[in-house]
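User: Please take a close look at one part of this model, the place where two helices cross and their charged side chains meet. Then set that part against a few other sites in the chain.

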Amino acid sequence: MARKILVVSHCLLNTAAKVRRYDRGESSAEERLRLKTARRALTRGVQLLQLPCPEFLTYGGRRWGHVYEQFDHPFFRKRCREMLEPVCEQLLCYAQDGEIDLLGVLGIDGSPSCGVKYTCRGEWGGELSGRDLAPFVSSVRLAPGRGVLMEEFGKLLAENGLKLRFEGLFAPEPERALSVLE
Ligand code: SF4
């Protein structure tokens with residue numbers, strides 16, 4: 001029987017990398033879905049290949065939440081590529097193995113880096129002091145489209161002839177995302 005591998009965003013397995021959250025209600029709903037996903041993968045014998053967390057590796061654990069517009073520049077994209085190249089090489093190696101089934105990539109919808117169907121957009125940037133922050137905070141919205149890491153990952157896989165399905169956890173249809181484990 002073919003072994004199955006699913007590529008997952010880093011924080012699906014390690015929430016310590018995430019931006020600190022204070023809205024506990026939403027966090028616990030996310031946590032339940034995360035645990036359900038991990039449990040389903042493990043009980044089905046799906047191997048989980050963990051992507052690097054580009055935000056933690058660039059800005060550390062005390063970073064603010066960001067929006068897509070702040071990461072949409074050549075330097076962050078280059079950094080994402082550097083992190084993703086070793087993963088792509090591993091996938092190429094698994095793809096050569098006739099007995100391994102690459103199920104796809106499961107990202108984190110709503111993330112400016114790891115979103116797949118949805119990312120996070122807004123007019124953020126610049127000094128915080130001396131400004132009325134309310135309009136900037138309220139400009140943040142869930143928007144269709146990939147996060148920057150997932151955009152670069154899609155391009156890198158295509159350049160290497162790898163075609164993988166992309167799904168995002170926490171999208172409006174979580175069961176659809178989980179079907180990547182079938
Ligand atoms: S950048 Fe990606 S892996 Fe890191 S915390 Fe955000 S969603 Fe998770």
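Analyst: What follows starts with the helix pair, goes on to its salt bridges, and ends with other sites along the chain.

This is a predicted model, in which local features need pLDDT of at least 70 and side-chain atom pairs count only at pLDDT 80 or more, while totals for chains, interfaces and linings use all residues. Residues are numbered from 1 along each chain as its sequence is written, and side-chain values use heavy atoms, with hydrogens and water left out.

The two helices are α4, residues 74–96, and α6, residues 148–159. Helices here are DSSP runs of H or I with at least four residues, strands are runs of E with at least two, and both are numbered from the N terminus. The axes of α4 and α6 come within 9 Å and cross at roughly 45°. Each axis is a line fitted to C-alpha atoms, for helices over the stretch in contact, and the angle runs from 0 to 180 degrees between N-to-C directions. The two helices are therefore oblique to each other; under 35 degrees would count as roughly parallel, over 145 as roughly antiparallel, and 65 to 115 as roughly perpendicular, with the rest called oblique. The crossing of α4 and α6 is right-handed, meaning that the near helix is turned clockwise from the far one, whereas an anticlockwise turn by less than a right angle would make a crossing left-handed.

Which side chains join the two helices? Arg 77 forms a salt bridge with Glu 151, and the closest N and O atoms are 2.7 Å apart. Since Arg 77 lies in α4 and Glu 151 in α6, the pair ties together parts that are 74 residues apart in sequence. A salt bridge is counted when a side-chain nitrogen of Lys or Arg is within 4 Å of a carboxyl oxygen of Asp or Glu. Arg 77 is buried, at 15% relative accessible area, whereas Glu 151 is partly exposed at 23%. Buried means under 20% relative accessible area, exposed means over 50%, and partly exposed is in between, with a 1.4 Å probe and protein chains only.

Arg 77 also meets the side chain of Glu 152 in a salt bridge, with 2.7 Å from N to O. This pair again links distant parts of the chain, as Glu 152 is in α6 and Arg 77 in α4, 75 residues apart. Both Glu 152 and Arg 77 are buried. These contacts belong to a network of salt bridges that links Asp 72, Arg 77, Arg 81, Glu 151, Glu 152, Lys 155 and Glu 159.

The structure holds 15 salt bridges. One within a single helix is that of Arg 34 and Glu 31, at 2.8 Å from N to O. Both residues lie in α1, residues 24–43, three residues apart, or about one turn of the helix. Arg 34 is buried at 14% relative accessible area, and Glu 31 is partly exposed at 29%.

Just before α6 in the chain is a loop that starts from β5 (141–144), and Gly 145 lies in this loop. Gly 145 is partly exposed, with 26% relative accessibility. Its C-alpha atom is 9.3 Å from that of Gly 110, a residue 35 positions away along the chain.

Strand β3 covers residues 100–108 and includes Ile 100. Ile 100 is buried at 15% relative accessible area, and its C-alpha atom is 4.8 Å from that of Arg 3, although the two are 97 residues apart along the chain. Gly 104 is found in β3 as well and is buried, with a relative accessible area of 1%. Gly 104 and Lys 163 are 59 residues apart in sequence and 8.5 Å apart from C-alpha to C-alpha.

The surface offers a nonpolar site. Trp 64, Leu 128, Leu 133 and Val 137 form a nonpolar patch there, with about 420 Å² of accessible area together. Patch members have over 30% relative accessible area and no salt bridge; nonpolar side chains (Val, Leu, Ile, Met, Phe, Trp, Tyr) are joined within 5 Å, and like charges within 9 Å. Accessible areas come from the Shrake-Rupley method with a 1.4 Å probe, and for residues only the protein chains shown count as cover. Trp 64 sits in the loop between α2 (54–59) and α3 (68–71) and counts as exposed at 64% relative accessibility.
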